[in-house]
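Here are a few exercises to work through with the model open in your viewer. Try each task before you read its solution.

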Amino acid sequence: MKKRIWRDFLILLVIFLGAWIFLTYYPIVDSEVVKESYNERETEIKEKLIELLEFEQADSDTTQILRALGELKHLVSDKDINYDLYFSDSKDINAYALPGNMIVINRGIILECDSPEELIGIIAHELGHLKLNHHTDQLLTTLGIELLLAGNSSTAGEVTKVLTQSTFSRDMEAEADDFAVKKLQELGISPNYLAKLFKKLYTKSDLVPEFLNSHPDMNKRISKFSKYPFEESKLEFTFDWLKVKNSL
Amino acid sequence: MNTDYYPIQQPEDLPAREREDAMGAYFMMFASLAAGLPLPVINLIAAIIYYHVNKHKSRFVRFHSLQSLLSQLPVSLLNAGLVVWAISFFKYDFNFDNTFLSYLIVVILANLLYLGFSIAAAIKARQGLMYYFIFFGKLSYEIVYKVKEEEEQIYRNNPPI
Amino acid sequence: MIFEIRHQESYSRGELLLRTFFGYLYIALPHLFLLFFLSIWSSIVGFIAFWSILFTGRYPESFFEFQTKFIKWEMRVNARMMNLVDGYPAFGLDAEDENIKFYVPYREDMSRGNAIIKLLFGWLYVGIPHGFVLFFRVIGMFFVQIIAFWIVLFTGEFPKKMHDFIVGTQRWAQRVNLYLAFMTDEYPPFTGHRQENELGYEFDRTQQVNN
């Protein structure tokens, strides 16, 4: 009897593994096809989003700001991430990263930057979010919480959801900051530039409360960047920053 | 056949209540539907609890509960593996390959087979019949119906000194 | 359905105060913790029982027994928390309590048609009418409980009418619950009083439970 039991078990195992291996080499649906259709879907959504929110892509030769942004984009690069930089004509002082390797810079924050190095710091920070996969971590956390709560609509559940969904967590912001520091040092720019920018924005924050909400612990962040000594950066750009700002 | 197995009860000896209990074992796979959470582990827990509760009833009921539990185990493990593998794609970009897709298909087929056989077994159990799954049937029969010798209690109570 | 909670001749004021201040801690918490898991099992079992009625026309007897024991346990805890009886509720599905009587007769054949109608329209022809009336009755019960608390505190006696009102509300709610849980095919009456077939099971008031 025991022998027959083991024989049955082996039969089951062989059937399972056999089916799996067979379908791997003679697939019903090829994974390449699935990936392609997924990528197509993703580009479609991206294009719709760009159209809807009227983003303008950097690198095109149409306006001064786009050319300038294109130059900055080539400067701030990462070997793993191939991202697109967009300009949004909104006076909100904010810049953000979107899934699909998109970084969007608003007019508002460009006007606040006294030098291109500060904007490079902002781009590097957003690139950090993309590189460290913060969006997917967000998604998974939300999914996990939804699964745990699973239809039990309680106040605590709603509060947790809102707190975790609205912005990146503070740890993620700190990680992106560290990435920005590294990137700036690679480019030979002192991270103190960002400290200057944040100090300026913080003193203006009573006029722009949402900046404060999405970036808590401003004091900690400013002190992190202030630790680095300030040195004038030796980078040269083909554009005149003041002229570019005036064109907006 | 062998004298070291308990005899199997025949359908006419089984009252309606036992048949219903045996049938109920195969419905524990719908437990996660009932509880509202889409986690496959709930089915497994429900099957374990059901077996534990019905262990002390007749061997017929015990056999079907055990068979349901043992066959639920690999299905739950495969489903859990699928979920973990799928989530890992979120983290490391969607570069799944044919191995994953074929695993997905095989797991779906396994679930369907399990569903079909369980329903067939539930119907048979209600009729008072034994129904043996391919590997789990023999294993459950071996565990439930084999005559085991009672081990003597070798521990005796003694005063503290 | 037999649903009885004993009405005592005299109630202990000490236990009343203890329950009022710490009841949630030493009665409700331990029991509710266990009852929570049992309630999950109860909903699983109820779900399976529905399909069983649909396909076989019978509520599986083991599941039926489990449900009645579970309801009985809940009754035990509720009776104490509402100050209807004194004492500490016993743990366990098989526990006995002399102060509680709960019995639902098991029927061999349940109507499949009824089951489907209850599932689809239960909220309409049971939930709305009974829910509407019970809503007000429960509010009344809440006030009666508060008044009864003070009366028991000062006199040590629970007025029979109030006790009956509270127990009646519970009885009514339980009838509706049993109907919607596919355990009986009798449409719940719009009253908390005992029906004809439930008479004769009341607690004998001359037998007193000493605390």
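**Exercise 1.** In this predicted model, find which helix of chain A holds Phe179(A), then decide whether Phe179(A) is buried or exposed.

*Solution.* Start with the secondary structure: Phe179(A) sits in helix H8 of chain A, which covers residues 170-186. Next, count neighbours. The cut-off for a buried residue is 20 or more other C-beta atoms within 10 Å. Phe179(A) has 20 other C-beta atoms within 10 Å, so it counts as buried.

**Exercise 2.** Which residues does Phe179(A) touch, leaving out those up to four places away in sequence? And how far is Phe179(A) from Asp61(A) in space?

*Solution.* First, list the contacts: with those sequence neighbours set aside, Phe179(A) touches Ala124(A), Gly128(A), Lys131(A) and Leu132(A). Then go C-alpha to C-alpha over to Asp61(A): that's 30 Å in space, with the two positions 118 residues apart in sequence numbering.

**Exercise 3.** Work out which pair of chains has the most contacts, and what the chain A side of that contact is made of.

*Solution.* Begin with the pairs. There are 2 pairs of chains that touch, and chains A and B have the most contacts. Chains A and C can be crossed off: no contact joins them, and their closest C-alpha atoms are 14 Å apart.

Now look at the A–B contact itself. Chain A puts in 23 residues and chain B 20 residues. On the chain A side, helices H1 (2-25), H2 (31-53) and H6 (134-149) each supply at least two residues. H1(A) gives the most, with 10 residues. Finally, sort that side by class: 15 residues are nonpolar, 5 are polar and 3 are charged.

**Exercise 4.** Describe the fold of chain B: how many helices and strands does it have, and how does its radius of gyration compare with that of a compact globule?

*Solution.* Take secondary structure first. Chain B has 6 helices and 0 strands, so to speak an α-α-α-α-α-α pattern when read along the sequence.

Then turn to its dimensions. For 161 residues, a compact globule would come out near 15 Å in radius of gyration, whereas chain B has 20 Å. Along the principal axes, the C-alpha atoms of chain B fill a box of roughly 60 × 55 × 35 Å.

Last, check burial and contacts. In chain B, 34% of the 161 residues count as buried. Of the chain B contacts with a separation of 6 or more, 72% are between residues 24 or more positions apart.

How values were computed:
Residues are numbered from 1 along each chain as its sequence is written. Chains are lettered from A and ligands numbered from 1 in the order in which they are written. This is a predicted model: local features need pLDDT of at least 70, side-chain atom pairs count only at pLDDT 80 or more; totals for chains, interfaces and linings use all residues. Two residues are in contact if their C-beta atoms, placed from the backbone, lie within 7 Å. Helices (H or I, at least four residues) and strands (E, at least two) are DSSP runs, numbered from the N terminus. Ala, Val, Leu, Ile, Met, Phe, Trp, Tyr, Cys and Pro count as nonpolar, Asp, Glu, Lys and Arg as charged, and the others, Gly among them, as polar. The radius of gyration is taken over C-alpha atoms; the globule rule is 2.2 Å times the number of residues to the power 0.38. A residue is buried if 20 or more other C-beta atoms lie within 10 Å of its own, exposed if 12 or fewer, and partly exposed in between; C-beta atoms are placed from the backbone.
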